[in-house]
Each structure stands twice: as structure tokens, then as C-alpha cells.
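Me: I would like to go through the open and closed spaces of this model and its ligand site, with the reasons behind each label. Please set each value against its criterion.

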Amino acid sequence: MADKMINDAVAKIRTKGPFKAEIALVLGSGLGNFVETLDQTTRLSFSEIPGFPISTVEGHSGELVHGYLGDVPVLVNSGRVHFYEGYSLEQVVYPIHILQALGAKTIILTNAAGSIRKDFPPGDLMLIDHLLNLTGHSVYQDNQEPESIFDPQILKRASQIAENESILLKVGSYAGLNGPSYETPAEIRFLRLKQADAVGMSTVHESMAAFQAGMQVLGISCLTNYAAGILDQPLNHEEVMETGRRVREDFAKLLTKLVHSLAT
Ligand code: HPA
């Protein structure tokens with residue numbers, strides 16, 4: 001994405017408030033409510049930011065928020081767009097570049113995802129340790145993608161924080177597909193064979209763009225449902241939203257502790 005566009009957007013954003021922080025979060029489907037835990041918030045609708053893609057999906061409110069978690073300033077993108085909405089990869093990752101231009105050095109990407117394992121029940125949170133980019137597209141510009149973009153040291157630290165706080169946090173691989181439809185049971189069996197633990201329609205491109213731009217990246221999935229065919233019943237978007245609401249407390253606690261740990 002053209003640097004000029006990013007610079008123009010940042011100049012406009014800065015006229016609207018103190019949008020600057022070293023830690024940024026992107027909130028996925030049903031998780032936008034986390035911004036209510038922030039103090040002294042300044043909010044800016046995505047529609048006011050030049051070049052910013054606007055989501056058409058339920059559960060994505062669409063605003064950039066600056067606020068404090070305790071004494072730690074954070075930037076939050078409440079909402080994101082997906083490739084399946086018709087946006088280009090460049091547009092999908094544009095918000096990541098904006099966050100970096102606003103000062104973010106660390107980014108925590110969150111999403112709602114389907115669980116591919118019976119022992120990862122809906123309502124659990126999962127720290128992403130590996131990505132399977134199955135979208136057939138990549139923003140990664142080097143010939144070789146890195147083995148994993150998630151730093152093992154940071155993963156270990158995040159797991160430790162969860163343990164200390166008695167928050168159940170699974171660790172696993174996230175398979176990113178284009179969507180927009182959920183997978184078939186046969187596709188889920190295929191993904192399980194490929195050792196995916198969770199499946200979703202976001203996060204892979206944003207993670208790679210952030211990593212490539214030199215940011216420290218963390219990914220957290222809120223497992224909102226068993227993926228198709230894991231149980232003997234169909235899934236629906238309402239279930240995804242409902243589970244998001246149910247795990248809010250643990251999710252907020254984990255993010256708060258993580259942010260404090262990363263800030264020190
Ligand atoms: N599949 C893909 N994306 C998802 C799912 C799922 O089961 N649940 C939440 N996002």
C-alpha cells in the first residue's frame with residue numbers, strides 16, 4: 001500500500017485524538033466488546049480514515065480506539081475486513097500498516113474460530129503457534145515464508161501468564177481459509193489430517209503483513225464452535241456470536257495481563 005496514503009491517513013487520525021501506542025490489538029467477530037474495558041477512550045470510525053476498508057459482517061463494529069489498560073496505552077481496531085468481502089489483500093492488511101505507523105511494535109490479533117478437536121471445546125481460548133495459510137494467496141514477498149512467525153519466547157510467556165491467572169489457554173495451529181461459507185465435514189477431516197487445531201477466515205494475512213513489517217505478532221483464537229462434522233449438528237453464526245459473548249471475561253483478563261506483561 002502506498003506510503004503516501006498511510007501518511008495521509010495517519011495525519012488525519014492524529015487530528016482526531018492521541019492515537020499513539022506501542023501495543024495494538026485487532027478484535028475479531030463478537031469480541032469488540034473488549035474496548036469497554038479500556039479507560040479514557042478516544043474513538044474514530046473507520047469510515048473517517050482515508051483508505052480504510054469497511055466491514056460488511058455482523059459483529060464487526062468498525063472503529064479505531066485509543067485507550068488505557070491500567071496505565072498502558074493501547075490502540076485497538078475493533079473490527080476487520082475479510083478477503084471474502086471482496087477486498088484485495090492489500091486492503092485487508094492496510095489497517096495493520098496504519099497501526100504500525102501510529103507506533104505499534106507489537107500486535108495481538110484475535111479472531112473467532114471453529115475448533116477441529118474434541119478436546120478444544122467451544123469457549124476455550126487458543127494461542128496460535130503456527131499458521132496454515134490455505135487461502136491460496138499471500139502478502140509475503142520473500143520467496144520463502146518463515147517457519148513460524150510467532151516467537152516461541154513470547155508464546156511461552158503468554159502461556160505462563162494464562163497459567164498464573166488460571167485461564168485455560170490451549171495452544172495450536174490455525175488454518176486460515178477464504179470463506180465465506182463454513183467448511184464441509186470432509187474439509188474439516190482434511191484439515192485435521194494436516195494437524196490444524198482451529199479454522200477461520202482471517203488473521204493469516206494480517207499476521208504475515210505484521211511480521212514482514214517487523215512487528216512482534218501474537219494470535220489468539222476464541223473457539224466459538226466445533227467445526228463442521230466434529231459434532232453431529234449444523235453450526236450457525238448465532239452460535240459463534242453467543243460463545244464470543246460467553247468468554248468475554250476470560251478473554252479480557254488474558255488480554256489485560258498479556259498487554260501488561262508485553263509493556264514491561
Ligand atoms: N469455520 C470457519 N470460520 C469460523 C468458524 C468455523 O467453524 N467459526 C468461527 N469462524
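Me: What makes the space of about 350 Å³ a pocket, and which residues lie nearest its centre?
Reply: The model is a predicted one. A pocket has to be an open set of points, whereas a probe in a cavity cannot get out. The space of about 350 Å³ is listed as the largest pocket, so it is an open set. Ser29, Ala112, Tyr182, Met201 and Val240 lie nearest its centre, among 25 lining residues.

Me: Which elements supply the lining of the largest pocket, and what is its chemical make-up?
Reply: Strand 5, strand 8, strand 9 and helix 6 (237–246) each supply at least two residues. Strand 5 gives the most, with four residues. The lining divides into twelve nonpolar, eleven polar and two charged residues.

Me: How do you know where the ligand sits?
Reply: The ligand sits in the largest pocket. The criterion is that more than half of its atoms lie within 2 Å of the grid points, so the ligand passes that test for the largest pocket.

Me: Why are Ala112, Glu183 and Asn225 counted as surrounding the ligand?
Reply: A residue needs a heavy atom within 4 Å of the ligand. A nitrogen atom of the ligand is 3.3 Å from a polar backbone atom of Ala112. For the side chain of Glu183, the distance from a ligand nitrogen to an N or O atom is 2.8 Å; for the side chain of Asn225 it is 2.7 Å. These three values are within 4 Å, so the three residues belong to the shell. Also in the shell are Ala113, Gly114, Tyr182, Val199, Gly200, Met201 and Thr224.

Me: What makes the pairs with Glu183 and Asn225 polar contacts?
Reply: The cut-off is 3.5 Å between N or O atoms. The pair with Glu183 is at 2.8 Å and the pair with Asn225 is at 2.7 Å, so both qualify. The protein covers 95% of the 260 Å² of accessible area that the ligand has on its own.

Me: Which elements give two or more residues to the shell around the ligand?
Reply: They are strand 5 (106–115), strand 8 (198–200) and strand 9 (216–226). Strand 5 gives the most, with three residues.

Me: Why is one residue of the ligand shell counted as charged?
Reply: Asp, Glu, Lys and Arg count as charged. The shell includes Glu183, so Glu183 is counted as charged. The full division is five nonpolar, four polar and one charged.

Me: What is known of the second largest pocket?
Reply: Its volume is about 180 Å³. Eleven residues line this pocket, and the closest to its centre are Val93, His97, Val139, Gln141 and Gln212. Helix 2 (89–101) contributes the largest share of the lining, four residues.

Me: What makes the space of about 90 Å³ a cavity, and how many cavities of 30 Å³ or more are found?
Reply: In a cavity a 1.4 Å probe fits but cannot get out. The space of about 90 Å³ is listed as the largest cavity, so it is closed to that probe. The search finds three cavities of 30 Å³ or more. Of the 14 residues lining the largest cavity, Phe83, Met201, Ser202, Thr203 and His205 are the closest to its centre. Helix 5 gives the most to this lining, with three residues.

Technical notes
Residues are numbered from 1 along each chain as its sequence is written. This is a predicted model: local features need pLDDT of at least 70, side-chain atom pairs count only at pLDDT 80 or more; totals for chains, interfaces and linings use all residues. Side-chain values use heavy atoms; hydrogens and water are left out. A polar contact is a pair of N or O atoms within 3.5 Å; within protein, one must be able to donate a hydrogen and the other to accept it, and residues adjacent in sequence count only if both atoms are side-chain atoms. Accessible areas come from the Shrake-Rupley method with a 1.4 Å probe; for residues, only the protein chains shown count as cover. On a 1 Å grid over the protein atoms alone, a cavity is a set of points where a 1.4 Å probe fits but cannot get out, and a pocket is an open set with protein on both sides within 12 Å along at least five of seven lines; lining residues have an atom within 4 Å of a point. Grid points are joined across faces, edges and corners, and a volume is the space filled by probe spheres set on the points.
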